[in-house]
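Hi,

Here is the structure I promised to pass on. Have a look at it first, and then read my notes below.

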Amino acid sequence: MSSTDLSRRRFCAGACHAASGIALASVVSACKGGDSPTSPNNPGVTLGVSQGRFTNGNVDVTVAGTALNNVGGAVLVESVAGVFLVSRTADTTFSAIDAVCSHQSCTVTNADGDVYVCPCHGSRYDRTGRVVKGPAMASLRRFNTSFTNGVVTIAL
Ligand code: FES
């Protein structure tokens, strides 16, 4: 190996190191910038979490022992098929919407009364997934539900 090869290798290694440093600085800068999560003025309260069971292409959620026991109650459902916001709208009816915020994909984990609140930038959605307050502009996807023997089934 010639001294020219070594010099070229050192130059390339140095250039790569500098480039990765610049890239890292960009990431750190982006994290400090306006796109980073900020606390909304009124973040509401964190919803309880229920585990959903992925079964036959649907997600089943047991109501007993959760906030869904009562009309008006809501929970965040985690499952291998995704995360959902589920609320009880009447004795035998429920609402289920995608819990991934349409703004920058944070999980919507909070509620302020009947309004879901994204903890990242404060977007608010009603229980049908419609945007009540931005910065999100697109509604959350809504899913059909059924209720049998104490289990809410979210039809995917
Ligand atoms: S990710 Fe920005 S408001 Fe939800």
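What follows is a run through what I found in it.

First, a caveat: this is a predicted model. The average pLDDT over the chain is 82, and 74% of the residues score at least 70. The weak stretch is residues 1–36, where the pLDDT is below 50. Beyond near neighbours in sequence, that stretch makes seven contacts in the model. Where pLDDT is low, the predicted coordinates should not be read in detail. I'd keep that in mind for residues 1–36, given their pLDDT below 50.

Now the sheet. Five strands make up an open sheet with antiparallel pairing, and the order is S1-S8-S9-S10-S11. The edges are S1 (45–46) and S11, each of which has a single partner strand, so one side of each has no neighbour in the sheet. Further in, S9 and S10 run antiparallel and are joined by two bridges. If you want a spot to look at there, Tyr116 stands opposite Tyr125 in S10.

Next, the cysteines. There is one disulfide in the structure, and it joins Cys106 to Cys120 with an S to S distance of 1.9 Å. Which hand does it have? The torsion about the S-S bond of Cys106 and Cys120 is about -90°, so this disulfide is left-handed. The link is between distant parts of the chain, 14 residues apart: Cys106 sits in the loop between strand S7 (94–98) and strand S8 (110–112), and Cys120 in the loop between strand S9 (115–117) and strand S10 (124–125). Cys106 and Cys120 are both buried. Two other cysteines are worth a glance: Cys101 is buried at 3% relative accessibility, and Cys118 is buried at 2%.

On to the aromatics, where the count comes to two pairs. Phe84 and Phe143 have ring centres 5.3 Å apart and planes at 85°, so that pair is edge-to-face. Phe84 belongs to strand S6 (residues 82–88) and Phe143 to strand S12 (residues 142–148), so the pair ties together parts that are 59 residues apart in sequence. Phe84 and Phe143 are both buried. The other pair, Phe94 with Phe147, is tilted, at 4.8 Å centre to centre and 50° between the planes. Again distant parts of the chain are linked, since Phe94 is in strand S7 and Phe147 in strand S12, 53 residues apart. Are Phe94 and Phe147 buried or partly exposed? Phe94 is buried, with a relative accessible area of 7%, while Phe147 counts as partly exposed at 26%.

Staying in strand S12, take a look at Thr145. At 27% relative accessibility, Thr145 counts as partly exposed. What does Thr145 contact, leaving aside its neighbours within four places in sequence? The list is Phe94, Ser95, Ala96, Val152 and Thr153. With Phe94 there is a polar detail too: the Thr145 side chain reaches the backbone oxygen of Phe94 at 2.9 Å. So Phe94 turns up twice, in the tilted ring pair with Phe147 and at the end of that 2.9 Å approach from Thr145. For another distance to check, the C-alpha atoms of Thr145 and Val86 are 9.4 Å apart, with their places 59 residues apart along the chain.

Last, some backbone geometry. Most residues other than glycine have a negative phi, and most peptide bonds are trans. Here are the exceptions I noted. The peptide bond from Gly134 to Pro135 is cis, with omega near 25°, and Pro135 lies in the loop between strand S11 (131–133) and S12. Asn56 is not a glycine, yet has a positive phi of about 50°. You'll find Asn56 in the loop between strand S3 (53–55) and strand S4 (58–62), and this residue is exposed, with a relative accessible area of 75%. Ser105 also has a positive phi, about 70°, without being a glycine. Ser105 is in the loop between S7 and S8, the loop that holds Cys106 of the disulfide. Ser105 is exposed, with a relative accessible area of 52%, whereas Cys106 is buried.

Cheers

Definitions and conventions. Residues are numbered from 1 along each chain as its sequence is written. This is a predicted model: local features need pLDDT of at least 70, side-chain atom pairs count only at pLDDT 80 or more; totals for chains, interfaces and linings use all residues. Side-chain values use heavy atoms; hydrogens and water are left out. A disulfide is a pair of cysteine sulfur atoms within 2.5 Å. Helices (H or I, at least four residues) and strands (E, at least two) are DSSP runs, numbered from the N terminus. Buried means under 20% relative accessible area, exposed over 50%, partly exposed in between (1.4 Å probe, protein chains only). Rings of Phe, Tyr and Trp (its six-membered ring) pair if their centres lie within 6.5 Å; planes under 30 degrees apart count as stacked, over 60 as edge-to-face and the rest as tilted. Contact means heavy atoms within 4.5 Å. A polar contact is a pair of N or O atoms within 3.5 Å; within protein, one must be able to donate a hydrogen and the other to accept it, and residues adjacent in sequence count only if both atoms are side-chain atoms. pLDDT is the predictor's confidence in each residue, from 0 to 100. Two strands pair if DSSP finds at least two bridges between them.
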